[in-house]
Amino acid sequence: MDDDLTITQSRAGDTVTVAAAGEIDLANAGDLRDAVTSACQDCDRLRLDLTAIDFIDSTGLGGLLELRSTLRARNVTLEIVAGDGPVRQAVEITGLGELLAH
């Protein structure tokens, strides 16, 4: 994995939380995708916590769109957690705002 991105995961019942910290960009968007797709095995809901993400580029946003489709095909509900700021704005602009936790 790229040094600029740290990924951790935890599980509570049928919900898996994948938390990412640092930056999501061309160099590591695939790492996040791989971590999420492997973490969602045998879960009903996946919470992707991006509150500690400082930067996300278009590749990262494209990866989030791809994850939405992949998880829908697996009947897994995706929920994105993002604090106020550029990451939340970027997620909303891409049409993923419906997945943001309130």
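Which residue follows α3, and what is the sign of its phi? G95 comes after α3, with a positive phi near 90 degrees.

The views below come from a predicted model, in which local features need pLDDT of at least 70 and side-chain atom pairs count only at pLDDT 80 or more, while totals for chains, interfaces and linings use all residues. Residues are numbered from 1 along each chain as its sequence is written, and side-chain values use heavy atoms, with hydrogens and water left out.

**View 1. The two sides of helix α3 (residues 86-93).** Helices (H or I, at least four residues) and strands (E, at least two) are DSSP runs numbered from the N terminus. V87, R88, A90 and V91 are buried (under 20% relative accessible area, 1.4 Å probe, protein chains only). Seen down the axis, these buried residues fall within an arc of 160 degrees, taken from the directions from the helix axis to the C-beta atoms, so they line one face of the helix. On the other side, P86, Q89 and I93 are exposed (over 50%). The cover over the buried residues includes β3 (45-56), α2 (58-73) and β4 (77-81), with contact meaning heavy atoms within 4.5 Å.

**View 2. T37 in helix α1 (residues 29-39).** T37 counts as buried because its relative accessibility is 18%. Its side chain reaches the backbone oxygen of D34 at 3.2 Å. Setting aside residues up to four places away in sequence, T37 touches L67, T70 and R74.

**View 3. Around L32.** Apart from neighbours within four places in sequence, L32 is in contact with L5, I7, V18, A20, I24 and L48.

Definitions and conventions:
Polar contact = N/O pair within 3.5 Å; in protein donor to acceptor, adjacent residues only side chain to side chain.
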